[in-house]
Amino acid sequence: MNRRTLITLLGGAAAAWPLAAHAQQPAMPVIGFLNQESAELTAHLVTGFRKGLSETGFVENQNVAIEYRWAEGRYERLPQLAADLVNRKVAVIAAAYFPATLAAKAATSTIPIVFISGVDPIAAGLVASLNRPGGNLTGVSNFNTSLTAKRLELLHQVVPRGDTVVVLVNSTSPATQTIEAEARSAAQALGLRLEVLGASTDDEIDAAFATAAQHAASALLVAGDAYFNSRRAQLIALAARYRIPANYDRREIATDGGLMSYGMNNVDFYRQVGIYTGQILKGAKPADFPVQQPTKVELVVNLKTARSLGLELPTSVLLSADEVIE
C-alpha cells in the first residue's frame, strides 16, 4: 500500500467517525400527553408539567419530545387518541383526568401511565392500593368527587334559607354516577331537596339553567368536568342572567367571575405528574411510586359577583377563604 492510498483510507475513516458516533446516540424519548380538555385552557397546567419534568433533568425539545393529544371535552374521542399514542410507541403516557386515564388504561397494559384522577383510584380499578399501585399505572388523585359534600355545605352557608339545590353533571362522564351519589348523600344530611340535571352540549347547559330557574333553585353546584371547564364563560354568564349562586371546582372559574370555587391546586398535580414521568423515563417503574394525594384544598370567593347577586356572604365563609376577589 503506498502512502497516498493510506492517507486516503485514514481520511475516509476519520470522516466517518462523527457519523458513526451520531448514529449510536440514543433516540430522544417521547412522552404521550393525553388530556380531556383543550390546549388553550390548560396552558398554565402544562407549564407545571414541564416544570416537574425539568426537575428530573428533562426539557422538551432538548432531550425529550412530547406528543400532545387533546379531547376538547369530547370524551368519545379519548379511546382513539390513546390508541394513537400507543401506536406511536411513546415511552410514557401522562393522562389527565379520570376519563383520559381510563382510555389510556384500556389502550395498553405495558406502557407506563402517570395519571391525575378526580375519583378514588382504588375503587375505580386504576391501582391495587395507594402505596403499592401495582401494574403500569401511578400518579396523583385529587379525590375531586369526594369534595361534593363540602361544596354543597358551602352553598348552604351562602344561601341558608334555600331548600332546593341543583347539581349540574356531564351525562357522558364516567365520574357522574359517583358525583351524584355523593351529592344525594350530602343533600340528605343538610336537609336539602336535590335535583340532578345532565348536560353535555351548549344547548343542554342553557336548558339546565332555565330548568333550575323554573324550579326556583336556590343554588347550583357545577360538577368538576372538562367540558364544563371549557364552557366556563357560558356557565358564568348563565348564573348571572338567572341570578343563581353557583359553586365550581376550579379556582379559574371563580377568578373569571364565578361566585366561588372549592378544589385543589391543579398546577401542583401536573408538576407531580411531570416528576413521576421524568423518573420513569430514567428507568423507574410505576409500581415504585405511591399515588400522591392532596394536602390542601382552596376556597376562592368572588365578592364582586356576590354583590351583583345581592348576596351578603357570611363571615365564616370569608374567613375560611384562601382568596377573596374584590
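1. **Helices and strands.** The protein has 13 helices and twelve strands. Please keep in mind as you look around that this is a predicted model. Along its principal axes, the C-alpha trace spans about 105 × 40 × 35 Å.

2. **Inside and outside.** How much of the protein is buried? Of its 326 residues, 52% are buried. The protein exposes about 15100 Å², and carbon and sulfur atoms supply 52% of that area. Sequence distance is worth a look too: among contacts between residues at least 6 apart in sequence, 71% join residues at least 24 apart.

3. **The five-stranded sheet.** Try tracing the strands in the order β2-β1-β3-β4-β5, which gives an open sheet with parallel pairing. Which strands sit at its edges? They are β2 (65-70) and β5 (137-141), and each of them pairs on one side only. From one strand to the next, the twist averages 15°.

4. **A pair to zoom in on.** Strand β1 (residues 30-35) runs parallel to β2, and six bridges join the two. For a landmark, find Asn35, which stands opposite Trp70 in β2.

5. **Helices on this sheet.** Helix α2 packs on the sheet and touches β1, β2 and β3 (92-96); the direction of α2 makes about 155° with that of β2. Helix α3 (residues 78-87) also packs there, touching β1, β2 and β3, and the direction of α3 makes about 180° with that of β1.

6. **Where two helices meet.** Now follow α2 (residues 43-55) to helix α11 (residues 266-281): the two pack at an angle of about 35°, and their axes are 6 Å apart. The crossing of α2 past α11 is right-handed. On the α2 side the contact residues include His44, Leu45, Phe49 and Leu53, while those of α11 include Val267, Tyr270, Arg271 and Ile275. What kinds of residue make this contact? By class there are eight nonpolar, seven polar and three charged residues.

7. **The seven-stranded sheet.** The order here is β7-β6-β8-β9-β10-β11-β12, again an open sheet, and the pairing is mixed. Why is one side of β7 (193-198) and of β12 (323-325) left without a neighbour in the sheet? Both stand at the edges with a single partner strand each, so there is no neighbour on the other side. Ignoring direction, neighbouring strands of this sheet are turned by 20° against each other on average. Helix α6 (residues 176-190) lies across β6 (164-169) and β7, running at about 165° to β7.

8. **β10 and its two partners.** Strand β9 (residues 246-248) and β10 run parallel and are joined by two bridges. With strand β11 (residues 298-302), β10 pairs in the antiparallel sense over four bridges. Met260 is a handy place to start: Met260 in β10 is the bridge partner of Asn247, and the bridge partner of Met260 in β11 is Val301. Beside that, Tyr248 stands opposite Ser261 in β10.

9. **Which way the side chains point.** In a regular strand, side chains alternate between the two faces of the sheet. You can check the pattern in β10 (residues 260-263), where Met260 and Tyr262 point one way and Ser261 and Gly263 point the other way. Are these residues buried or exposed? All of them are buried.

Key. Residues numbered from 1 in each chain as written. Predicted model: local features only at pLDDT ≥ 70, side-chain atom pairs only at ≥ 80, totals over all residues. Heavy atoms only, no water. Axes fitted to C-alpha atoms, helices over the stretch in contact; angles between N-to-C directions. Left-handed = near helix turned anticlockwise from the far one by under 90°. Contact = heavy atoms within 4.5 Å. Nonpolar A, V, L, I, M, F, W, Y, C, P; charged D, E, K, R; others polar. Pairing = 2+ DSSP bridges. Buried < 20%, exposed > 50% of the residue type's maximum accessible area, 1.4 Å probe, protein only. Areas by Shrake-Rupley, 256 points an atom, 1.4 Å probe, with all protein chains shown as cover.
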